[in-house]
2 protein chains.
Amino acid sequence: MNIQEAAEASGLTVDTIRYYEKSGMLPPVPRDGRGWRRFDAGALEWLRNLGRLRATGMPMAEMRRFAVLVHTADPAEATAAADRLEILLAHRQRLACRRAELDAAETYLTHKIAVYSGKETS
Amino acid sequence: MNIQEAAEASGLTVDTIRYYEKSGMLPPVPRDGRGWRRFDAGALEWLRNLGRLRATGMPMAEMRRFAVLVHTADPAEATAAADRLEILLAHRQRLACRRAELDAAETYLTHKIAVYSGKETS
DNA sequence: TGCTTGACCTGGAGCGGCTCCAGCTTGTTA
DNA sequence: TAACAAGCTGGAGCCGCTCCAGGTCAAGCA
């Protein structure tokens with residue numbers, strides 16, 4: 001599977017995939033004789049995973065930490081799994097804060113809209 | 001009122017205020033004999049306004065459009081007010097989309113956390 | 001009288017997370 | 001044999017700041 005197909009299958013763009021590789025969020029991507037990247041099913045699954053994590057707004061530094069834990073740790077090792085869990089929990093916490101900010105923003109906007117609609121003064 | 005005081009009173013940073021001026025989101029800021037910016041009550045109020053709009057995640061281009069409408073339009077003119085209202089409505093729409101994304105992200109994260117906690121497989 | 005301190009000024013670099021582009025190689029097709 | 005497509009790399013550009021270097025100016029102090 002070449003990079004274009006991987007992009008289509010993962011929902012990332014070609015540029016983003018190359019950027020993720022450069023940034024150390026992908027395990028080493030094997031190349032064919034021409035120097036083209038070749039993605040197998042495992043690599044694709046990881047790209048999808050990254051896409052989903054990114055969609056949650058996880059910062060790159062954390063995605064990188066997560067990637068390293070996933071790809072270098074012994075699968076049977078408990079600490080790595082605990083570390084990954086911790087990253088996810090911290091991130092969910094952050095999302096909760098973002099939700100609170102979003103709520104406040106909507107409240108303010110709605111108030112402001114009421115003012116501009118002439119339904120309220122001040 | 002100097003820039004430092006304006007920063008404290010508006011909740012923006014000194015750098016952000018200068019940046020906003022450079023970016024055309026402030027009406028011309030008068031200077032004293034030394035070339036220092038002087039902020040009056042009206043200018044401060046506008047800084048606070050910008051801070052609140054920014055907190056809603058409004059993009060700069062739109063804040064700039066808004067700023068221009070606020071500071072160049074005849075206060076009695078209805079079209080400018082309608083334009084401003086339109087910007088706010090469009091922005092609230094965007095926030096609604098963001099909320100949907102946030103919901104999806106939280107759902108995914110919570111699922112993933114369950115997996116890592118061993119409460120669920122796959 | 002100079003010397004330091006501190007607040008301000010400007011222009012420009014750096015950040016995250018991409019996105020796009022120029023200029024190159026390599027393989028296929030007409 | 002030439003054109004075209006798909007990939008490659010390195011580097012610039014985007015937003016919304018943030019930080020920094022290097023400069024000016026006024027006040028306070030020896």
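How far is a polar side-chain atom of A:Tyr20 from a phosphate oxygen of DNA strand C? In this predicted model, the distance is 2.6 Å.

Let's stay with the DNA. A:Thr16 also reaches the backbone: an N or O atom in its side chain sits 3.2 Å from a phosphate oxygen of strand C. Chain B joins in. There, a polar side-chain atom of B:Arg18 is 2.4 Å from a phosphate oxygen of strand C. Which elements give two or more residues to this surface? They are α2 (14-22) and α4 of chain A, plus α1 (3-10) of chain B. The largest share is from α2(A), with four residues.

Now the whole surface. DNA strand C has 18 residues around it, and A:Tyr20, A:Arg34, A:Met60, B:Arg18 and B:Arg37 are the closest. Of the strand C atoms that come within 4 Å of the protein, 77% belong to sugar and phosphate. By class, the surface holds seven nonpolar, five polar and six charged residues.

Next, chain A itself. The domain assignment splits it into domain 1 (1-72) and domain 2 (75-122). Their C-alpha centres are 27 Å apart. Domain 1 brings 10 residues to the contact, domain 2 brings nine. Together they bury about 860 Å², with 69% of that on carbon and sulfur atoms.

What about polar links? Three residue pairs are in polar contact between the domains, both residues at pLDDT 80 or more. The rule finds one salt bridge across the interface. A:Arg94 and A:Glu62 form a salt bridge through their side chains, at 2.7 Å, N to O. On the domain 1 side, helix α4 (residues 60-72) gives the most, five residues. That side counts six nonpolar, two polar and two charged residues.

Technical notes
Residues are numbered from 1 along each chain as its sequence is written. Chains are lettered from A and ligands numbered from 1 in the order in which they are written. This is a predicted model: local features need pLDDT of at least 70, side-chain atom pairs count only at pLDDT 80 or more; totals for chains, interfaces and linings use all residues. Side-chain values use heavy atoms; hydrogens and water are left out. Domain bounds come from an automatic or database domain assignment. Contact means heavy atoms within 4.5 Å. Buried area is the accessible area (1.4 Å probe) that two parts lose on being put together, summed over both. A salt bridge is a side-chain nitrogen of Lys or Arg within 4 Å of a carboxyl oxygen of Asp or Glu. A polar contact is a pair of N or O atoms within 3.5 Å; within protein, one must be able to donate a hydrogen and the other to accept it, and residues adjacent in sequence count only if both atoms are side-chain atoms. Ala, Val, Leu, Ile, Met, Phe, Trp, Tyr, Cys and Pro count as nonpolar, Asp, Glu, Lys and Arg as charged, and the others, Gly among them, as polar. A residue is near a molecule or strand if one of its heavy atoms lies within 4 Å of it.
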